[in-house]
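The following exercises concern charged and aromatic side chains. Each task is followed by a solution that goes step by step.

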Amino acid sequence: MEKKNIPVIVMGDFNEPSTLDWTQDTAHLADHNGLVYPWDTTERLKQHGFVDSYRELYPNPKTHPGFSWPAAAQGVGETARKTDWIKGADERDR
């Protein structure tokens, strides 16, 4: 089979943080509580040659943490306004 160089973009809610944000350098930031952890989904993507576009643009997780969902939310609507969304991804009006 011929190998083609076709760009592939993977995006979505993986229901876990990025392994690139849970390193020795970030172990004592935010709610990491000293933990360094190889999160499964992003580890697998990295192992298969995928690149985290946010980390490419902002390589330092200490100065630019990859938070897209708050650890603690207060009241109705607090988390929904933080959710990432791709315009046109579905029929819902946001």
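In this predicted model, ring pairs join Trp-22, Tyr-37 and Trp-39 into a cluster.

**Exercise 1. Aromatic pairs**

Task: State how many aromatic pairs the structure has, and classify the pair of Trp-22 and Trp-39 and the pair of Tyr-54 and Tyr-58 by geometry.

Solution.

Step 1. The count comes to three aromatic pairs.

Step 2. For Trp-22 and Trp-39, the ring centres are 5.6 Å apart and the planes meet at 75 degrees. Because planes over 60 degrees apart count as edge-to-face, this pair of Trp-22 and Trp-39 is edge-to-face.

Step 3. The two residues of this pair, Trp-22 and Trp-39, both belong to the segment before H1 and are 17 residues apart, and the pair is one that links distant parts of the chain.

Step 4. Burial is judged from relative accessible area, with under 20% counting as buried. Trp-22 has 11% and is therefore buried; Trp-39 has 19% and is buried as well.

Step 5. The ring centres of Tyr-54 and Tyr-58 lie 5.1 Å apart with the planes at 45 degrees, so this pair is tilted. Tyr-54, with a relative accessible area of 34%, is partly exposed, and Tyr-58, with 31%, is also partly exposed.

**Exercise 2. Salt bridges within helix H1**

Task: Describe the salt bridge of Asp-40 with Arg-44 and that of Lys-46 with Glu-43, and assign each residue to a burial class.

Solution.

Step 1. The side chains of Asp-40 and Arg-44 form a salt bridge with an N to O distance of 3.3 Å. Both residues lie in helix H1, four residues apart, which is about one turn of the helix.

Step 2. Asp-40 has 41% relative accessibility and so counts as partly exposed. Arg-44, at 51%, counts as exposed, because the exposed class begins over 50%.

Step 3. In the salt bridge between Lys-46 and Glu-43, the closest N and O atoms are 3.4 Å apart. Lys-46 and Glu-43 are likewise both in helix H1, three residues apart, about one turn of the helix.

Step 4. Lys-46 is partly exposed, with a relative accessible area of 43%, whereas Glu-43 is buried, with 17%.

**Exercise 3. The surroundings of Arg-55**

Task: Locate Arg-55, decide whether Arg-55 is buried or exposed, and identify the partners of its side chain.

Solution.

Step 1. Arg-55 is found in helix H2, which spans residues 53–57.

Step 2. The relative accessibility of Arg-55 is 9%, so this residue counts as buried.

Step 3. The structure holds three salt bridges. One of them joins Arg-55 to Asp-21, with the closest N and O atoms 2.5 Å apart. This pair links distant parts of the chain: Asp-21 is in the segment before helix H1 (40–47), Arg-55 is in helix H2, and 34 residues separate the two.

Step 4. Both partners, Asp-21 and Arg-55, are buried.

Step 5. A polar atom of the Arg-55 side chain also lies 2.5 Å from the backbone oxygen of Tyr-58.

Step 6. With residues up to four places away in sequence left out, Arg-55 touches Leu-20, Asp-21, Asn-60, Pro-61, His-64, Pro-65 and Gly-66. The salt-bridge partner Asp-21 is thus listed among these contacts.

Technical notes: Residues are numbered from 1 along each chain as its sequence is written. This is a predicted model: local features need pLDDT of at least 70, side-chain atom pairs count only at pLDDT 80 or more; totals for chains, interfaces and linings use all residues. Side-chain values use heavy atoms; hydrogens and water are left out. Buried means under 20% relative accessible area, exposed over 50%, partly exposed in between (1.4 Å probe, protein chains only). A polar contact is a pair of N or O atoms within 3.5 Å; within protein, one must be able to donate a hydrogen and the other to accept it, and residues adjacent in sequence count only if both atoms are side-chain atoms. Contact means heavy atoms within 4.5 Å. A salt bridge is a side-chain nitrogen of Lys or Arg within 4 Å of a carboxyl oxygen of Asp or Glu. Rings of Phe, Tyr and Trp (its six-membered ring) pair if their centres lie within 6.5 Å; planes under 30 degrees apart count as stacked, over 60 as edge-to-face and the rest as tilted.
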